[in-house]
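Grab a coffee and work through these exercises with the model open beside you. Each task comes with a solution that goes step by step.

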Amino acid sequence: MSKTKILPLTPQEESVMKMIWELGNGITVRQVLEKLPSPRPPYTTLASIIKNLQAKEYIHPEKKGKTLLYHISISEERYSASSLQHIVRTFFGGDYRRVVQFFASKESLSSQDLQEIIDLIEKEK
């Protein structure tokens with residue numbers, strides 16, 4: 001997949017894609033279905049979701065005999081980074097300082113958490 005924009009996933013698509021990331025490359029619809037928690041969707045519903053993931057270029061098929069194996073095109077890390085960037089742009093005007101300030105003001109981050117974030121940033125410089 002090129003560095004084109006990553007299309008957003010519906011909650012159902014994201015749930016299935018998380019399972020695909022967990023299972024890895026070369027999986028079938030049936031393998032995904034067997035790993036999903038109950039209540040499992042019907043096979044045809046899951047196959048439609050997988051077709052949507054293929055259309056959005058998250059996965060791509062490989063034909064092996066009569067079986068379609070699906071391979072990951074967009075890594076979980078790349079999807080997570082894209083999702084986080086979208087949230088920061090949409091809700092915080094692209095300002096990561098506002099993100100940290102938001103969590104600090106909600107007492108979601110302790111002083112120790114903030115210091116660890118500073119240490120990580122300094123380490124990356």
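**Exercise 1. Count the salt bridges in this predicted model, then say what the Glu-13 to Lys-56 pair ties together.**

Solution.
- Start with the idea behind the search: side chains of opposite charge can pair when their charged atoms come close.
- Now fix the cut-off, which is a Lys or Arg side-chain nitrogen within 4 Å of an Asp or Glu carboxyl oxygen. By this rule the count comes to four salt bridges.
- One of them joins Glu-13 and Lys-56, with 2.7 Å between the closest N and O atoms. Glu-13 sits in helix H1 (residues 11–23), while Lys-56 is in the loop between helix H3 (43–55) and E1, so this pair ties together parts that are 43 residues apart in sequence.
- Also among the four is the bridge between the side chains of Glu-62 and Lys-64, at 3.8 Å from N to O. Another links Asp-95 with Arg-97, at 3.2 Å from N to O.

**Exercise 2. Sort Glu-13, Glu-62, Lys-64 and Arg-97 into buried, partly exposed or exposed.**

Solution.
- You need two limits here: under 20% relative accessible area is buried, over 50% is exposed, and partly exposed is in between.
- Glu-13 has 4% relative accessibility, so it counts as buried.
- Glu-62, at 30%, counts as partly exposed. Lys-64 goes into the partly exposed bin too, at 47%.
- Arg-97 has 68%, so call it exposed.
- Back to Glu-13 for a moment: what does it touch, if you skip residues up to four places away in sequence? The contacts are Pro-8, Ile-49, Asn-52, Leu-53 and Lys-56. Lys-56 is the salt-bridge partner you met above.

**Exercise 3. Find the largest nonpolar core and work out which elements build it.**

Solution.
- The largest nonpolar core has 21 residues, and Val-32 and Leu-53 have the most contacts inside it.
- Next, look for elements that give two or more residues to this core: they are H1, helix H2 (29–35) and H3. H1 supplies the largest share, five residues.
- Then click on Val-32 and list its contacts, leaving out residues up to four places away in sequence. You should get Val-16, Met-19, Ile-20, Leu-23, Ile-27, Leu-46 and Ile-50.

**Exercise 4. Describe how E1 and E2 pair, and place His-60 in the picture.**

Solution.
- Strand E1 (residues 59–64) pairs with strand E2 (residues 67–72) in the antiparallel sense, over six bridges.
- The hairpin has two residues between the strands, and Gly-65 takes a positive phi near 65° there.
- His-60 belongs to strand E1 and stands opposite His-71 in E2.
- What does His-60 touch, again not counting residues up to four places away in sequence? Leu-69, Tyr-70, His-71, Ile-72 and Ser-73.
- Take the Ser-73 contact a step further: His-60 and Ser-73 are 13 residues apart in sequence, yet their C-alpha atoms are 6.5 Å apart in space.
- Is His-60 buried, exposed or partly exposed? Its relative accessibility is 35%, so it counts as partly exposed.

**Exercise 5. Hunt down two backbone oddities, one at Pro-39 and one at Glu-57.**

Solution.
- Check omega on the peptide bond from Ser-38 to Pro-39: it is near -5°, and the bond is cis. Pro-39 is in the loop between H2 and H3.
- Now check phi at Glu-57, which is positive at about 65° although this residue is not a glycine. Glu-57 lies in the loop between H3 and E1.
- With 42% relative accessibility, Glu-57 counts as partly exposed.

**Exercise 6. Locate the nonpolar patch on the surface made by Leu-84, Ile-87, Phe-91 and Tyr-96, and name its main contributor.**

Solution.
- Switch to a surface view and color Leu-84, Ile-87, Phe-91 and Tyr-96. Together these residues have about 420 Å² of accessible area.
- Which helix gives the most to the patch? That is helix H4 (residues 76–92), with three residues.
- Phe-91 is in helix H4. Its relative accessible area is 56%, and the cut-off for exposed is over 50%, so Phe-91 is exposed.

Conventions: Residues are numbered from 1 along each chain as its sequence is written. This is a predicted model: local features need pLDDT of at least 70, side-chain atom pairs count only at pLDDT 80 or more; totals for chains, interfaces and linings use all residues. Side-chain values use heavy atoms; hydrogens and water are left out. Two strands pair if DSSP finds at least two bridges between them. Helices (H or I, at least four residues) and strands (E, at least two) are DSSP runs, numbered from the N terminus. Patches are made of residues with over 30% relative accessible area and no salt bridge: like charges are joined within 9 Å, nonpolar side chains (Val, Leu, Ile, Met, Phe, Trp, Tyr) within 5 Å. Accessible areas come from the Shrake-Rupley method with a 1.4 Å probe; for residues, only the protein chains shown count as cover. Buried means under 20% relative accessible area, exposed over 50%, partly exposed in between (1.4 Å probe, protein chains only). A nonpolar core is a set of buried Ala, Val, Leu, Ile, Met, Phe, Trp, Tyr and Cys residues joined through side-chain atoms within 4.5 Å. Contact means heavy atoms within 4.5 Å.
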